[in-house]
Each structure stands twice: as structure tokens, then as C-alpha cells.
Amino acid sequence: MGNSGRQDAAQLDFIQGIGDPVSLADQVARKITTLIKEQDLKVGQRLPNEFELASQLKVGRGTVREAVKQLVARNVLEIQRGKGTFVKQMPGMIADPLGLEFMKDKAALARDLLQVRLQIEPWCAGLAAVNASGDQVAGLWEQWEALNGTAGEGVGEDEERTARYIEEDMKFHTLIGEISGNLVVPRLIPVICSGVELHTRISKGRRDANLIAMDTHFEVVKCISSRQAEKAEKAMYNHLIQNLESIEKYLKKS
């Protein structure tokens, strides 16, 4: 038995019980996940290298390599060639947890996602008005300005400008989730906001559509910054209901 095999076999903490289907690599992946949490590693922080992890966990480097591959597949880690292994943003959050990519009727999907957002995001905006710190409110104004800079003519028609608008809009709504103080919402918002792209493209025939959206975005930020929870909820509701109405009109025409 090679040195790596002897290390693996000797580590009693990782030995599988009789009938236990969990592989050694699975158990090491769990140990690495625990290490990330216990050491409070942040997004973008580098993990110890393969040799260091193998030594720390008392297993072979091949086992560590397989465990890291699993965590990359689960969107916990990312490998940057020549640099190392790093913690990903929102570790464990997979790209399409609801399988929305495989739903064929994208316009109906955008409508249904907006119906879900109407139940969550107004409440979230109200929480942000109560819980956000002064620095977080300042950051929200900065994000509104970044979003405002991408709005207007060309959105929905020019691919580059449309992509920039969609990216900044997602950041805006996700940030409100983050400053709400709720731990779940920031992970939920990017999923339920995945209909933003389709709505933006549906609105391409209305050059004022994104400017109107900017007005309602502004109202949301203004109410959050002035700590008016009820008005923040109403402003977010008004913003989303405008989007929903435009999609419903599109569905009636198609």
C-alpha cells in the first residue's frame, strides 16, 4: 500500500462504517466545508493548498483532490489555475436551483416569477428601511446610480447595453435583499429575478420603459433611505406591478 493509501486507512475519523455508502472523498468534502465555516473564510479567500489540506486532514492528496472537485461542482469552491482554490460567492448556491432553464414558455415564466417577487420583495424593501445601516443605504444609492447609468435608449436592442442593464438591475435587487437583514433573501432574489432578462427584451419596443423603471427604483431607494418601511413596500410593489402588467400585455398579444 502506498503512503497515500496508508494515510487514508489510518485516519479513524474517516473510516466508513459497515454499510455506510458515503465515500472517503465525500467525508473529506464535508470536512473542508466545515473548515470554511469554522474559519469563517469569506468570498474570494484562498484555501490551504492540496499538500497542506492533506496534512491537516490526514488523508492522501488524491482524496483531497477528489473532494475539491466535488465542492467545485457544488459551487462552493473555484480553482484558478496558477493561483489556488478559492471560496465562491454564495458558496453552495448552484446556478439554476429550480431548473428554470428547462421551462419552455419563458414569457409565462417571467410573469409567474414576478408574481412570486410581488409576495417577497415589497416586504424585503420594508425590512431594508428598518434594518439597513447608514453605509448600506449609501451603497444602495451608489448601486442605483450605476443602474441609472445603463438605462435608457438602447436597452433591449443593443446587446452590450442590455447585458449591462440586466447585470446592474440584478445587483440592485440583490443588494436590497442583503441589507434587509434576512439571511435567506439574498440567496433567493437572484433566482426569482431571473425573469429580468426576458422582461427587458420584451420592453424593447418601449424606449421609455427602463426610464420609467428608474423612476420607480428611485422611489424605492428614497423610501428606504428615509426609513419609511410602509412606503418602501408600496414603492417596490408599484415597480414590480408595472413590470407584471407589461408582460401580461405581451402575453395577450402573442
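**Group meeting: a walk through the cores, helices and hairpin**

Okay, let's start with one residue, Ile176. Leaving aside residues up to four places away in sequence, Ile176 touches Cys124, Ala125, Ala128, Leu140, Val220, Ile224 and Met236. Keep in mind that this is a predicted model.

So where does that residue sit in the bigger picture? The largest nonpolar core has 38 residues, and Ile176 is one of the four that touch the most other members, along with Leu140, Phe172 and Ile224. Which elements feed that core with two or more residues each? They are α5, α6 (134–148), α7, α8, α10 (209–225) and α11 (229–253). The largest share comes from α5, with 10 residues. There's also a second, separate core, this one with 18 residues, including Ala54, Val59, Val68 and Leu71. As general background, nonpolar side chains in soluble globular proteins tend to be buried together.

Staying with α8 for a moment, that's residues 185–192. Its buried residues are Val185, Pro186, Ile189, Val191 and Ile192. And what do they pack against? That would be α5 (106–131) and α7 (159–179).

Now, back towards the start of the chain. Helix α2 covers residues 24–38 and helix α3 covers 50–57; their axes come within 12 Å and cross at roughly 100°. Since 65 to 115 degrees is the window for roughly perpendicular, α2 is roughly perpendicular to α3. Who's actually touching? On the α2 side you've got Val28, Lys31, Ile32 and Leu35, and on the α3 side Leu53, Gln56 and Leu57. Sort that contact by class and you get five nonpolar residues, one polar and one charged.

While we're on α3, have a look at Glu52, which is found in that helix. Is Glu52 buried, exposed or partly exposed? Its relative accessibility is 40%, so Glu52 counts as partly exposed. From Glu52 to Val64 you go 12 residues along the sequence, and the C-alpha to C-alpha distance is 9.9 Å.

Last stop, the strands. β1 (residues 77–80) and β2 (residues 84–87) run antiparallel, and four bridges join them. One pairing to click on: Glu78 has Phe86 in β2 as its bridge partner. The two strands form a hairpin with three residues between them, and in the turn Gly82 has a positive phi of about 80°.

That's my tour. If you open just one thing afterwards, try Ile176 with Leu140 and Ile224, both of which it touches.

Note on methods: Residues are numbered from 1 along each chain as its sequence is written. This is a predicted model: local features need pLDDT of at least 70, side-chain atom pairs count only at pLDDT 80 or more; totals for chains, interfaces and linings use all residues. Side-chain values use heavy atoms; hydrogens and water are left out. Axes are lines fitted to C-alpha atoms, for helices over the stretch in contact, and angles run from 0 to 180 degrees between N-to-C directions. Angles under 35 degrees count as roughly parallel, over 145 as roughly antiparallel, 65 to 115 as roughly perpendicular and the rest as oblique. Contact means heavy atoms within 4.5 Å. Ala, Val, Leu, Ile, Met, Phe, Trp, Tyr, Cys and Pro count as nonpolar, Asp, Glu, Lys and Arg as charged, and the others, Gly among them, as polar. Two strands pair if DSSP finds at least two bridges between them. Buried means under 20% relative accessible area, exposed over 50%, partly exposed in between (1.4 Å probe, protein chains only). A nonpolar core is a set of buried Ala, Val, Leu, Ile, Met, Phe, Trp, Tyr and Cys residues joined through side-chain atoms within 4.5 Å.
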